[in-house]
Structure formats: C-alpha cells, structure tokens
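Here are a few worked exercises to try with the model open in your viewer. Have a go at each task before you read the solution.

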Amino acid sequence: MNTINDRIEAIRTQLKERKIDAVILPSNDPHQSEYVSDYWKIRAYFSGFTGSAGTLVVTENEAALWTDSRYFLQVENQCNDSVVELHKQSVPHAPEHIPWLCKELNSGSSIGVDFSLFSISQINYLKENAALYQISIVDLGSFINDLWEDRPSGPTDRIQDHSIEHCGESRSSKLSKVQNELTENKADFNFISSLDEICWLFNIRSADVDFTPLVTAYALVGKEKSHLFVHENRI
C-alpha cells in the first residue's frame with residue numbers, strides 16, 4: 001500500500017468485511033496527547049497529513065479530514081493527490097465531524113472506533129449523537145495493526161532519572177503531596193494517564209515524542225504504595 005488512496009481502500013475493505021459503515025481515526029494516542037510517538041501516528045499514515053491536530057473519517061464514499069486553520073494550506077499540499085478532502089474546522093479540537101457523519105449515514109448504520117483512543121466523555125458524546133439517528137457505535141480495537149504495513153514499534157528508549165538538581169523536588173516529596181490529597185478527599189487511589197503529569201511526578205524523562213521528553217506510561221498512586229506502569233525493558 002504505497003499510496004494514500006491504497007490505504008483508504010484497505011480501510012474500506014476492512015469495514016465492509018466487518019459490516020461497519022464508517023470509521024473515525026483521531027490524531028491522539030491513548031493518553032489523549034496531541035504530540036504522539038511514531039507508533040500512534042495513525043491519522044497521518046492513512047491521510048498523508050502530518051500536522052499535530054486533525055481527524056480522519058472514512059466511509060464507503062468519503063475520506064474527510066477535519067483540522068483547524070493552522071493547517072489548511074498544509075492539508076491542501078499534502079493531500080492534493082489523494083481522495084482525502086479537507087473540511088475546515090471552525091473551532092480547534094471541536095468534534096464537528098460527528099454531526100456531519102451522523103447526517104451522512106443512514107439510520108441503522110454503524111460507526112467504528114478504537115475505544116482506547118477516546119476519552120469516556122468523547123465516547124459518550126459520540127453515542128448520544130449517534131443515537132439520535134439510530135446509529136450504533138462499535139469498538140474496533142486495534143484493527144489498524146492489520147492494515148499498517150511496517151508500523152513503527154512503540155517507544156523503546158531507556159527511561160532517564162531527572163535529577164533533583166534540575167527538577168528541584170524529589171519524587172517522594174511529590175508523591176507525599178498526592179497522598180495527602182487522597183487522604184483529604186477520602187480517596188484510595190489516583191489514576192494518572194497524562195504523560196506530562198507522570199513525568200513530573202516521578203521525575204523521569206525519555207524521548208518517546210519528538211522534541212518533548214515524555215515517557216509513555218500509566219501511574220497509580222495509592223496511600224501506601226505507588227505504581228508506575230511501563231515496559232520493563234525501558235527501566
């Protein structure tokens with residue numbers, strides 16, 4: 001699949017096999033990051049548009065790309081030779097593609113998404129709007145794996161300790177502050193998925209994203225113990 005049109009057709013073939021009428025491909029990763037590692041540049045791979053913000057919607061007849069005014073000229077240049085069409089977004093990051101898509105599809109249709117790439121509020125918003133048109137939402141999981149040839153691997157760089165000389169406060173001190181907040185709010189745990197928050201709290205850095213020293217991870221801070229979830233080979 002050397003061209004964008006080939007990649008769009010591969011998506012349509014997959015949708016037809018699964019009896020799904022449309023798919024939404026966002027720009028972010030499961031952490032809702034705007035700037036992502038190469039592994040999560042799904043929208044860029046299938047649209048040819050490499051800007052940081054945008055959403056690709058693929059149906060049987062449409063390959064529609066939403067992005068804001070920062071990228072209008074870039075989309076026109078990068079997608080000029082493909083079936084991908086620019087839809088100019090009025091408000092950055094607004095889900096303007098959802099009402100458009102619901103109106104494009106027939107009652108009884110289905111929209112596929114990878115639930116891991118959407119927040120709970122985003123999924124609820126999508127379901128609420130789709131229900132108005134008797135459209136269902138289907139979790140496709142990581143079906144892109146079967147379509148993305150030579151997909152880059154996930155981040156593998158070693159995680160570096162960010163010394164107190166540079167950050168000014170130890171991780172134990174920061175964790176104690178979070179634990180105090182847990183006690184005051186009568187909570188047992190604080191689950192953290194935002195990468196910049198995790199890096200700040202644990203005083204760690206890496207090179208998962210270009211020009212941004214983030215670490216792809218999850219964290220669970222409890223009153224007694226704190227847990228950092230990362231690939232063991234990176235420690």
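**Exercise 1. Work out which helices each supply at least two residues to the lining of the largest pocket, and describe that lining.**

Step 1. This is a predicted model, so what follows describes a prediction. Start with the helices: α4 and α5 (120-131) each give at least two residues to the lining of the largest pocket.

Step 2. Now look for the top contributor. That's α5, with three residues, the largest share of this lining.

Step 3. Go to the middle of the pocket. The lining has 23 residues, and Pro26, Asn28, Thr55, His93 and Gln122 lie nearest the centre.

Step 4. Sort the lining by character: you get ten nonpolar residues, eleven polar and two charged. The space in this pocket comes to about 480 Å³.

**Exercise 2. Do the same for the second largest pocket: what is its volume, and which residues lie nearest its centre?**

Step 1. The volume is about 360 Å³.

Step 2. Of the 16 lining residues, Asp21, Thr59, Glu60, Asn61 and Leu105 lie nearest the centre.

Step 3. Two elements give two or more residues to this lining, namely α1 (4-18) and α4. The largest share, four residues, is from α1.

Step 4. Sorted by character, the lining of the second largest pocket has four nonpolar, four polar and eight charged residues.

**Exercise 3. Find lysine 103 and decide: buried or exposed?**

Step 1. Lysine 103 sits in helix α4, which covers residues 97-104.

Step 2. Its relative accessibility is 61%. The cut-off for exposed is over 50%, so lysine 103 counts as exposed.

Step 3. For a distance check, pick alanine 130. Lysine 103 and alanine 130 are 27 residues apart in sequence, and their C-alpha atoms are 9.3 Å apart.

**Exercise 4. Lay out the open sheet that contains β10: what is the strand order?**

Step 1. Three strands make up this open sheet, in the order β8-β10-β11, with antiparallel pairing.

Step 2. Check the edges. β8 (189-192) and β11 each have a single partner strand, so each has one side without a neighbour in the sheet. On average, neighbouring strands are turned by 10 degrees against each other, direction ignored.

Step 3. Take the pairs in turn. Four bridges hold β8 to β10, and isoleucine 192 faces alanine 219 in β10. Four bridges also join β10 (residues 218-222) to β11 (residues 226-229), where valine 221 is opposite serine 226.

Step 4. β10 and β11 form a hairpin, with three residues between the strands.

Step 5. Add the helices. α7 (residues 171-184) lies across β8, β10 and β11 at about 60 degrees to β10. α8 (residues 195-202) lies across these strands too, running at about 55 degrees to β10.

**Exercise 5. Look at the backbone of glutamine 32 and phenylalanine 211: where do they sit, and how accessible are they?**

Step 1. Glutamine 32 isn't a glycine, but its phi is positive, about 65 degrees. Phenylalanine 211 isn't a glycine either, and has a positive phi of about 65 degrees.

Step 2. Place them. Glutamine 32 is in the loop between β1 (22-25) and α2 (42-47), while phenylalanine 211 is in the loop between β9 (204-205) and β10.

Step 3. Check accessibility. Glutamine 32 is partly exposed, at 34% relative accessible area, whereas phenylalanine 211 counts as exposed, at 88%.

Conventions:
Residues numbered from 1 in each chain as written. Predicted model: local features only at pLDDT ≥ 70, side-chain atom pairs only at ≥ 80, totals over all residues. Heavy atoms only, no water. Pairing = 2+ DSSP bridges. Buried < 20%, exposed > 50% of the residue type's maximum accessible area, 1.4 Å probe, protein only. Axes fitted to C-alpha atoms, helices over the stretch in contact; angles between N-to-C directions. Contact = heavy atoms within 4.5 Å. 1 Å grid on protein atoms, 1.4 Å probe; cavity = no way out; pocket = protein on both sides within 12 Å on 5 of 7 lines; lining within 4 Å. Points joined across faces, edges and corners; volume = space filled by probe spheres on them. Nonpolar A, V, L, I, M, F, W, Y, C, P; charged D, E, K, R; others polar.
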